[in-house]
Every structure is written in C-alpha cells, then in structure tokens.
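Got the viewer open? Let's walk through this one selection at a time, starting with one chain and then moving to the place where two chains meet.

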Amino acid sequence: MKKKYLSSYFIILMLFCQVLVLPVVAISEEKLDLIETRCDAIKDDLKKIQREDAKVRVHLGGKYDAILNRFIMPLNVKLVEKNLSNADFVENQNNFVDAKTAFSSDYISYQQQLEELVAMDCKKEPEEFYEKLVKVRQKRKTMDQDTMLLRNLMSKNVRLVTKLKEKI
Amino acid sequence: MDDKKPKFQIRDGSRNLLLLGLVSIVVALMTTGVSLAVYHNSGDIYLDRSRPGFLPDEEEVEDDNDDSDEEYDFAKSGDLTGESLGEYLEKIGAEIEEVDEYEKPFDAAALSDEKLGIKPEEKTE
C-alpha cells in the first residue's frame with residue numbers, strides 16, 4: 001500500500017517537474033526560419049529601439065524629476081507648513097517616489113536584457129533568441145505599466161490641487 | 001672587504017623603472033576595468049547619451065536650451081493662495097503635456113512579431 005502511494009507521489013512529482021521544464025513559448029519552424037533569414041534586419045531594428053528608448057528614458061526621467069522636485073515636494077512642504085497637509089497628498093508623493101524608483105530600476109533591467117538579446121547570434125540560436133525576445137517583451141511591458149502609473153499619479157496630483165484651490 | 005660588489009647597480013635601476021612602468025599599466029588597466037564594470041552594472045551606461053549612436057539630435061539640444069530659460073519652481077515658503085495654486089496647475093499642466101508627447105512610450109507593439117518581420121504569413125486556402 002505504501003509503495004503504491006509512494007509511486008503515485010513520484011509520478012505527480014515528475015509531472016510537476018516536467019511542467020516547469022517545458023518551454024513556455026511554442027515556436028513554429030516557419031518563425032525560426034524567418035528569424036534566421038532576417039537576423040541582421042531584426043538586430044538593426046532592435047538597435048533602433050535601443051536608441052529610441054534611451055532618448056525617451058532621458059526625456060521622461062527628466063520630466064518625472066522636475067515634477068517631483070519642482071512641484072509635488074515643494075507644495076507638500078508648504079502644505080505641512082500651513083497645516084493644510086492631508087494623507088492624500090503625502091500618499092501621492094510617496095507613491096510617485098516609489099514609481100519613479102521602479103521606473104529607473106526596471107529600465108536598467110530591461111536594457112540589460114535587450115543588450116543581451118542584441119548580442120545573441122540569431123542565425124545560430126534562433127530558438128533561444130526568440131525565448132529571450134519574449135522575456136524582453138515582458139520587461140518592456142513592465143516599463144509601459146510604470147509610465148502609466150506615473151501618469152496616473154500626476155493626474156491625481158492635479159485633481160488634489162484643483163480641489164484644494166477650490167477650498168482656499 | 002673592498003672586493004664586495006655594491007648591491008644596486010645601474011642595470012637594476014633600469015629594471016626597476018621598467019617594473020614601475022609595467023605595474024602602473026596593470027594598475028591603470030585594473031582601475032579602468034573596475035570603473036567600466038561599475039558604469040555598466042549601475043545602469044549609467046543606459047542613460048549616457050554621449051555614447052556613439054546615442055547622441056541627441058540637433059532639435060533635442062535646441063529644445064533643451066529653450067526649456068532652461070523658463071524653469072519654474074513652486075515656492076516652498078510664502079502664502080498659499082488660489083493664484084499661486086493656479087500658477088502651479090498651469091505649469092504642471094505644461095510639463096504633463098510634454099510627457100504626453102510620447103504616446104505609449106514603451107509600447108509592447110515595437111517588439112511584436114509583426115514589427116520585427118518574424119510573423120509567418122497565414123496560409124489561405
């Protein structure tokens with residue numbers, strides 16, 4: 001009886017391990033052929049994206065810094081000084097700082113992955129190249145979410161200040 | 001007693017000079033390597049637009065110069081009036097507009113199969 005249980009546990013464990021090991025992405029032969037033949041063009045496109053991303057990152061990063069250091073933080077200091085501060089303003093500032101930090105670190109992680117992808121030999125390793133591309137897409141998606149969150153926090157700040165202006 | 005040769009000869013001096021030069025080169029290479037590793041691992045490399053191929057366009061440089069003329073800071077001290085908050089909203093609105101110039105800045109579509117030209121054509125029968 002014990003042996004039977006043991007063997008069934010073993011089978012379940014094996015199946016579980018297999019699920020973990022199985023590649024997440026199913027890549028068709030046609031796609032692998034396209035990657036091999038278009039390898040140089042793909043790399044050129046990726047390098048263009050890298051350059052464009054650097055431009056966007058520097059521009060947006062500068063804007064986020066300006067909004068935090070020249071608007072949100074000085075206003076909160078003044079609100080505290082005038083005893084007008086409330087939890088929403090403080091929470092919004094903290095969330096903005098956290099989101100900006102995440103934006104910076106996620107960008108580094110995304111660019112590291114993209115750099116590794118560009119360095120890969122897609123003619124020799126098209127399958128590994130595509131798997132890496134899928135990972136880079138995930139990182140890019142995170143960047144997209146970070147920028148959306150920061151944009152929402154800016155809008156929230158504007159709403160809070162508009163409300164405050166109506167009260168004064 | 002006088003037969004003893006001096007410990008250091010001129011030849012030793014030139015050898016030491018050569019050694020000093022080599023050690024200096026090795027130390028320079030090591031410190032440069034460490035600096036480059038820090039530069040890379042800290043992620044500063046990805047923000048450095050002075051790298052070849054990443055230099056800003058002329059238009060960007062002009063835009064940056066324009067911005068520096070009219071920098072606004074919300075005053076931390078002084079009275080808090082409707083007028084000052086109105087100015088705050090106006091100025092932050094302008095900054096947000098510039099952020100919005102990038103519609104979907106990290107759009108996932110840029111890395112899609114279609115964009116990279118690796119989507120196999122669908123067979124029509």
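How many helices and strands does the secondary structure of chain A come to? Select chain A and color by secondary structure: you'll get five helices and zero strands. Going from the N terminus, the order of elements is α-α-α-α-α. Bear in mind as you go that this is a predicted model.

Stay on chain A and switch to coloring by accessibility. Of its 168 residues, 39% count as buried. If you like contact maps, take the contacts in chain A with a separation of 6 or more: residues 24 or more positions apart account for 80% of them.

Now bring in chain B and color by pLDDT. The mean for chain B is 84, with 82% of its residues at 70 or more. Where in chain B is confidence lowest, and where highest? The low end is helix H2 (residues 58-69) of chain B, with a mean of 64, while helix H3 (residues 82-100) of chain B sits at the top with 95. Where pLDDT is low, the predicted coordinates shouldn't be read in detail.

Next stop, the interface. Select the residues of each chain that contact the other: that picks out 59 residues of chain A and 53 residues of chain B. Between them, about 5,300 Å² is buried, and carbon and sulfur atoms give 67% of that area. On the chain A side, show A:Arg70, A:Phe71 and A:Lys78 as sticks; these lose the most area to chain B, together 14% of what that side buries.

Keep A:Arg70 on screen and add B:Glu71. The two form a salt bridge, and their closest N and O atoms are 4.0 Å apart. Across the interface of chain A and chain B, the rule finds nine salt bridges. Polar contacts between the two chains come to 21 residue pairs, counting those where both residues are at pLDDT 80 or more.

Which helices of chain A should you highlight on this side? Helix H2 (29-37), helix H3 (39-81), helix H4 (87-119) and helix H5 (126-167) of chain A each supply at least two residues to the side that touches chain B. H3(A) gives the largest share of that side, 27 residues. Color the same side of chain A by residue class and you'll find 32 nonpolar, eight polar and 19 charged residues.

Time for some backbone details. Zoom to A:Asn83, in the loop between H3 and H4 of chain A. Its phi is near 55 degrees, a positive value in a residue other than glycine. Is A:Asn83 buried or exposed? With a relative accessible area of 70%, A:Asn83 is exposed.

Jump over to B:Lys104, in the loop between H3 and helix H4 (113-116) of chain B. Here too phi is positive in a residue other than glycine, near 50 degrees for B:Lys104. B:Lys104 is partly exposed, at a relative accessible area of 46%.

For the last selection, pick B:Ser112, which lies in the loop between H3 and H4 of chain B. B:Ser112 has a relative accessible area of 16%, so it counts as buried, the cut-off being under 20%. What does its side chain reach? Draw a distance from the side chain of B:Ser112 to the backbone oxygen of B:Ala109, and you should read 2.8 Å.

Technical notes
Residues are numbered from 1 along each chain as its sequence is written. Chains are lettered from A and ligands numbered from 1 in the order in which they are written. Side-chain values use heavy atoms; hydrogens and water are left out. pLDDT is the predictor's confidence in each residue, from 0 to 100. Helices (H or I, at least four residues) and strands (E, at least two) are DSSP runs, numbered from the N terminus. Contact means heavy atoms within 4.5 Å. Buried area is the accessible area (1.4 Å probe) that two parts lose on being put together, summed over both. A salt bridge is a side-chain nitrogen of Lys or Arg within 4 Å of a carboxyl oxygen of Asp or Glu. A polar contact is a pair of N or O atoms within 3.5 Å; within protein, one must be able to donate a hydrogen and the other to accept it, and residues adjacent in sequence count only if both atoms are side-chain atoms. Ala, Val, Leu, Ile, Met, Phe, Trp, Tyr, Cys and Pro count as nonpolar, Asp, Glu, Lys and Arg as charged, and the others, Gly among them, as polar. Buried means under 20% relative accessible area, exposed over 50%, partly exposed in between (1.4 Å probe, protein chains only).
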